[in-house]
Each structure stands twice: as structure tokens, then as C-alpha cells.
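This briefing deals with aromatic rings and their neighbours. Please look over the sequence and the model before reading on.

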Amino acid sequence: MYWVAGIFAAVIAAFANRYGYHRDELYFMAAGRRLDWGYADQPPLTPLLARAMTAIDPDSLVLLRLPALAAATLVVLCAGWMAGAFGGGRGARALAAATVAGAALTLGAGHMLNTAVFDLAAWSVICLLTVRLLRGTAADHAVAGRAASADRDPLADGRASETHDEVTTDGPRVALSGADSRWWLAIGAVAGLGMQNKMLLILPVVVLVACVLVVGPRTIFATGYLPAAVGLAVLIWLPSLLWQARNGWPQWELSRAIAGGSSGTSDTPIMFVLSQFGLMGPLLAPLWIFGWWRLWRDRRYRAFAVSYAVLFALFLVTGGKAYYLGGMYPILLAAAAVPVARWLGGHRVRWAAAGSVVAVNACAGAILFLPVLPVSALPDSPVLAINYDAGETVGWPEFVRNVGEVRARLGPDIAILTDNYGEAGAIERFGAPYDLPTPHSGHNAYWWWGPPDDSAAEVLTIGIDREQLDRYCAEVESAGRIDNGLGIENDEQGVSMNICRGPRVPWSELWPRIRHLG
């Protein structure tokens, strides 16, 4: 499996410098220049990583993306390690790692600096550590001898699972050994660090714990290391939590906005369901479905199967994004890889057929979610329709050039106000050659960073609705529209630029009305 992870990392690195920055990367860089214990839409970990990478080389896109590459590679390795923890040999570990490495979600998340890839890595590590905890239950040791005899069954689910269910349902509840229990401390540390990246991680952690409490084996909670792990997680998470409390819990407001469809990657309920078959690639859907069934049949690991079902329902009902459920798929694929590898055995033809399916799935995922095609081919390809983020990595230098040309005609003192953080972040990154000032925006954390000066009688606005500007400004003059010159239809293509003259009240008073989250 290590050679699979190595190939994966090499492929991601090879394409790291194509196209350009994603809007979120531009935002993380801006947030990294204003380090804090929290932001309106996220904890501080990803901006901190952006700050560290740009401190080494502020112009290197490859360096900026190295932490994401490392996190995605860790996810691939965790899939292999989980297959090993389930009892798989080299073939099972390689198969699990290969399926996760070629998945659309892993490729897309590993290509760019983003919170999703670190969330995926944290959840994969937590799943791996939990599997190791569950393996240490007394019931597991009680059936080890009888279950081992079933390994000769190609799918290893018949007599072994039935015997195991009987023992773990009614068997003795004995605490874990001290060595096994210490995995709780690692889980607590990873959970705390993960919640410094994305607060959403608390939901799958709580759901998994609740599911183990309901379906067992509850013996893993019979240890003093559990409260220590909870305390460690809370201690690591606490600074970000306090920032949210001091600032009115904006992340909760943001969650409601995303559920209402404010994000470019928000999903309708039907798209949420359909997208689950695309996260790992449609060719792998039968494999992870089989993995879910395998986990359900094994009483030791049934909590994972139940957790998947509960999280699926929660995200569907609350308007969550499709990829929120992505952290569950590595363990489903790992669970399936073990019996599938046994069935493949030493049959080269079977392995070749399975390898072909995995390879085709990986190639399709790479074409759609890595910058493989030249930019000129994007408008006529299906990439932009399937992968929203691809369009958001193209055209930012041209966007800033458009803004710079307009502002050059207006004089050096005019301020800039953008509709969203991507536009503001791009101006900060590419605006120096045009002598552009630090921009302002009411979007997410940019609102916290303040309005234009009250003395600004003229402000160049980008992407803000004309009707909205008429409420703020005594006079509004059109200054043109953005054109990336590439024929790429993204969120910035065609947006309006306007000059706001004579604000009706000082900008500091207008600022609360301009604030928006999403």
C-alpha cells in the first residue's frame, strides 16, 4: 500500500501548479495574514498553514498545497491500515489504499489547500484508532479462535459473523487492557486538532460514540482514559470555541446559510443522494455498499454502519453538502477490501480485472477533479458542469487586471469593496502591480476586518447588486464588467463593477447592513 500512497502523492504534486489559486486558498492566505483564534466560518488551523507556507515562499502555489497533499496521502494510508486492522494482508491493504487514492473526493480535496481535506484526514485517523479499540474488546478475544477458522471462506461473513454476533451480544463486558485503552488519548488529540480545522468534526464523533453506546461493544468505555481524552479534545478546541462565543457564534449562522443554499457547492436533497455515488466514483459504489454490509454483519464494527446511516440522514435533512459524508467512505472501502482480496486470492486474471476497474475509476476522477485538461479545453468539456471548483481556480489574475484598469482611471484614493472573499483575496494576492489598496468586503471574516474609511467619498464595488448599492450610495455609476478572456463561466465572469459616490451614511454605520455569511 505504501507504493500506492507514493504514486498518489506524486500525481497530486505533478498537477499542483496547473491552473491557479482557488478562491478559498486566496481567502486562507488573507486570513493567515490576520491570524486569530477563530474566524466567522472556520477555526484557525488552515489559515495558520497558509501563513506558514507563504512565509517560506509567498509566490509558490505548490508549496501552499503541500499540507493538503500530505493530508490526502494520510487518508490513503489510513485506508490501507484499516484494511490491515480488519485482518487483511498485503493485497487487501493495497486494494483499500488504491480505491481511496483513485476516488474523486480524495483527488479533488488533495489538490488544493482546503478545510475538507484535513477534516477527511482527521476522521480517517479517528476511524482507524477506533477500529483498534474495538479489536481489543474481550468479546473479540473470545471469538478469535472460532472466527479464524472462517478465514477460508472467500467472503468471510457466514459462520464467523454469526458466531461473533452471538458472543458479542450476550458475552461478558470486560474492560480493555491498559495498552488498548490508551488509544483514547490519541483519539482525543486528533479530535481536538480536527476541530481546530473544522467544527463539523464534532458531529461524526458524537454520532459514532452514540452508536457504539447503542449497538456496542460498550466495553470500550470502561476506562479512565475516556474522560481524559474528552478533556484533551476540549482543551485543544477551547480557544476557537471561546472566539466563537465572544463573537456571537457566527459559525452557527453560517451553517444555516449553507443549509439554505448560499454556498457554490450547496446541494439539493436529490443531488446530495446522487453525489454519494460520485464521491468515490460510480464504479466503486458496489464496493463501498458491500463494505457497509460487512460492517453491519460484524457486531464489533456495526457502530460504523449505523453511524453512516445516521449521518446520511442528518446531512440530508439539514441541507449539508455531499462531501460532509466523505469521511465514512475510506472505512467502508477498507472493510470491503478484505473479503474481496481473499476472493481474488492468487488469481491473476481476477486481480487484473479488479485493477482495471480501480484504474478506470481513478483516471475518470483525475480528469474531472485534477487540472489535467488545458484551460482552453475547459469550456467545451464536462469538467465545469461536474466540478464546480475547477472554474474557481481559473481567471483570478485577469479578474484583478480588470479591476486595476478601472481603478487606474479613477485616481489613487478610491477604496475597493467586493461582494465575496474570493474577489477580495485575489486583489490582495495580485493587486500590487496595479497599486491596488487592501480591499474590503462584507463577506464572512472580511466583515470582521473592517469597512472602508468614513472619509472615502468614492468606492469601487465589484459584484454587488445595483439595487443594493442604490440604498447605500447617493450616486452609482457603472464601471464595466469582469471578463476573464478565457470563456470560462465561473462565479466572477460577467459580474458588474460600479462606482459608489456619496455614501448616504458613514461606512462604519453601513457596515452592519453589508455583512453576509455563506
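Is Tyr 446 buried or exposed? Tyr 446 counts as buried, with a relative accessibility of 2%. The model is a predicted one. It holds 21 aromatic pairs, and two of these are described below, along with a ring cluster and two charges over rings.

**The pair of Trp 288 and Tyr 329**
- The rings of Trp 288 and Tyr 329 meet edge-to-face, with centres 4.8 Å apart and planes at 75° to each other.
- Trp 288 belongs to helix α16 (residues 285-297) and Tyr 329 to helix α18 (residues 329-344), so this pair ties together parts that lie 41 residues apart in sequence.
- Trp 288 is buried, at 5% relative accessibility, and Tyr 329 is buried too, at 0%.

**The pair of Tyr 446 and Trp 449**
- Tyr 446 and Trp 449 also form an edge-to-face pair, at 4.6 Å centre to centre and with 70° between the planes.
- Tyr 446 is buried because its relative accessibility of 2% is under the 20% cut-off.
- Trp 449, with a relative accessible area of 25%, is partly exposed.

**A cluster of rings**
- Trp 288 and Tyr 329 are also members of a cluster linked by ring pairs.
- The other members of this cluster are Phe 272, Phe 277, Tyr 308 and Phe 312.

**Charges over rings**
- Arg 350 sits over the face of Trp 343, 4.4 Å from the ring centre.
- Arg 515 sits over the face of Trp 447, at 5.3 Å from the ring centre.

Definitions and conventions
Residues are numbered from 1 along each chain as its sequence is written. This is a predicted model: local features need pLDDT of at least 70, side-chain atom pairs count only at pLDDT 80 or more; totals for chains, interfaces and linings use all residues. Side-chain values use heavy atoms; hydrogens and water are left out. Rings of Phe, Tyr and Trp (its six-membered ring) pair if their centres lie within 6.5 Å; planes under 30 degrees apart count as stacked, over 60 as edge-to-face and the rest as tilted. Helices (H or I, at least four residues) and strands (E, at least two) are DSSP runs, numbered from the N terminus. Buried means under 20% relative accessible area, exposed over 50%, partly exposed in between (1.4 Å probe, protein chains only). A charge sits over a ring if NZ of Lys or CZ of Arg is within 6 Å of the ring centre and within 35 degrees of the ring normal.
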